[in-house]
Amino acid sequence: SKPMLAIYELIEKVAESDTTVLIQGESGTGKELVARAIHDLSDRRNKNYVPVNCVAIPDDLMESELFGHVKGAFTGAIANRTGRFEMADKGTLFLDEIGDMKIHMQVKLLRILQNKELEAVGAAHSKKIDVRIIAATNQNLEQCVEEKTFREDLYYRLSVIPIFIPSLRERRDDIPLLLNNFREKFNKEKMRNVTGFDAEAMEILCNFNWPGNVRELENFVERQVIIKGSGMVTLYDLPEKYLGKRQANAPEPMILPHNGIDLNSAMEELENRLIMQALEKSGGNKKEAAALLCLKRTTFIEKLKKKKIFSDFLVSETINGHSTC
């Protein structure tokens, strides 16, 4: 799509300099991929690229994590520790979710950006540091500045070159490309042979809002490839959440083609679809899924083993962070 082509062009231009970049966009739009692309295209590509998730590090450890500390700086500091800034010296430091950084840490970050000097916790002297900063956030930092949760001077220091990544619903032309790209990827990884999405399924997926953006779409395709296994993904393979106002449980019309049909294959296909829907509705719970199909749990498990569905479904759900118990 045009918005993404414009971003690709901007990435190439930005990579040529050491200017600080601020990447903004909703969760799942690919902000870290953009940061990594900038680093890989830059003169720093052969040096370290060090990512830091500002949300994942506890507040009381953030300073030591970023700047390092010297032995004896505080209780438990039994040895010198190299911080992320020093790890990224001559390379790139990616500060993800910068909008969640506490004010006192923002002050220290601003000082490093201004002076290009790093002082480890407990150190008597500072040292020069050469690090390119790329920051990212899913928050509106201008609004955060107004609300006094983010320093205005740091905001302007970070956003020398802002890059805004549109949500997937703002670039629907990319959806068919992404669906097929991920289909090919997971066909190879999972040793499946899903050939594509039929016109009706593609239309529904292109009109879906994808609140989780590209990350959600990727997880969706992985599950479809695992469970479908082979053939074309149709309307009746889609989970209810993607169908909107359509009747997700409406039975597929039974129409005998003029040239006949392979009844065994058709029945196998129908059984696979119903098993998939049962697993979707139960969140992967085997007992509940079996009950939805009026099967004994042991019978249902045997079908799953025969079709090699549930083990892969379980792996997929675990990867996506959902419980399958």
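**Exercise 1. Lys190 and its surroundings**

Task: In this predicted model, determine which residues Lys190 touches, not counting residues up to four places away in sequence, and decide whether Lys190 is buried or exposed.

Solution: Begin with the contacts, where Lys190 touches Glu222 and Ile226 once residues up to four places away in sequence are set aside. Next, place the residue in its element, which is helix H8. Finally, consider accessibility: the relative accessible area of Lys190 is 18%, and because buried means under 20%, Lys190 counts as buried.

**Exercise 2. Asp40 and the two cysteines**

Task: Assign an accessibility class to Asp40, to Cys206 and to Cys294, and state how many disulfides a search of the whole structure finds.

Solution: Take Asp40 as the starting point, a residue found in helix H2, whose relative accessible area is 35%. Since the partly exposed class lies between the limits of 20% and 50%, Asp40 is partly exposed. In space, Asp40 and Thr92 are 9.8 Å apart, C-alpha to C-alpha, although 52 residues apart in sequence. Turning to the cysteines, Cys206 has a relative accessible area of 16% and is therefore buried, whereas Cys294, at 74% relative accessibility, counts as exposed. The search of the whole structure for disulfides finds zero.

**Exercise 3. The nonpolar cores**

Task: Identify which members of the largest nonpolar core touch the most other members, and which element gives the most to this core.

Solution: The largest nonpolar core has 31 residues, and those that touch the most other members are Leu66, Phe85, Leu93, Leu95, Ile98 and Phe150. Two or more residues come from each of strand S2 (49-53), helix H3 (59-67), strand S3 (92-96), helix H5 (103-115), strand S6 (132-137), helix H6 (141-146) and helix H7 (152-158). Among these elements, H5 gives the most to the core, with five residues. To look more closely at one of the members, leave aside the neighbours of Phe150 within four places in sequence; Phe150 is then in contact with Ile98, Gly99, Ile103, Gln106, Leu141, Cys144, Val145, Tyr155 and Leu158. A second, separate core has 25 residues, including Phe186, Val221, Val225 and Tyr242.

**Exercise 4. Helix H3**

Task: List the buried residues of H3, name the elements they pack against, and say which residue follows the helix.

Solution: The buried residues of H3 are Met62, Ser64, Glu65, Leu66 and Phe67. Their packing partners are S2, helix H4 (84-87), S3, H5 and strand S4 (117-118). After the helix comes Gly68, with a positive phi near 80°.

**Exercise 5. Cavities**

Task: State how many cavities of 30 Å³ or more the structure holds, and describe the linings of the largest and the second largest.

Solution: Such cavities number three. The largest cavity has a volume of about 50 Å³, and its lining consists of Phe85, Ile112, Leu113, Lys116, Ile129, Val131 and Ile133. Sorted by class, this lining has six nonpolar residues, no polar residues and one charged residue. The second largest cavity contains about 40 Å³ of space and is lined by Ile227, Lys228, Asp237, Glu269, Asn272, Arg273 and Met276. Helix H10 (213-228) and helix H11 (263-282) are the elements that give two or more residues to the lining of the second largest cavity, and H11 gives the most, with four. By class, that lining comprises two nonpolar residues, one polar residue and four charged residues.

**Exercise 6. The largest pocket**

Task: Describe the volume of the largest pocket, the residues closest to its centre, and the element that gives the most to its lining.

Solution: The volume of the largest pocket is about 700 Å³. Of the 28 residues that line this pocket, Thr29, Gly30, Lys31, Leu33 and Val214 are the closest to its centre. At least two lining residues are supplied by each of helix H1 (2-15), helix H2 (31-41), helix H8 (175-190) and H10, and H2 gives the most, with six. The class division of the lining is 13 nonpolar, six polar and nine charged.

**Exercise 7. The whole protein**

Task: Give the number of helices and strands in the protein, and the percentage of its residues that count as buried.

Solution: The protein has 14 helices and nine strands, and 45% of its 325 residues count as buried. Among contacts in the protein with a separation of 6 or more, 73% are between residues 24 or more positions apart.

Conventions
Residues numbered from 1 in each chain as written. Predicted model: local features only at pLDDT ≥ 70, side-chain atom pairs only at ≥ 80, totals over all residues. Heavy atoms only, no water. 1 Å grid on protein atoms, 1.4 Å probe; cavity = no way out; pocket = protein on both sides within 12 Å on 5 of 7 lines; lining within 4 Å. Points joined across faces, edges and corners; volume = space filled by probe spheres on them. Nonpolar A, V, L, I, M, F, W, Y, C, P; charged D, E, K, R; others polar. Core = buried A, V, L, I, M, F, W, Y, C linked by side-chain atoms within 4.5 Å. Buried < 20%, exposed > 50% of the residue type's maximum accessible area, 1.4 Å probe, protein only. Contact = heavy atoms within 4.5 Å. Disulfide = S-S within 2.5 Å.
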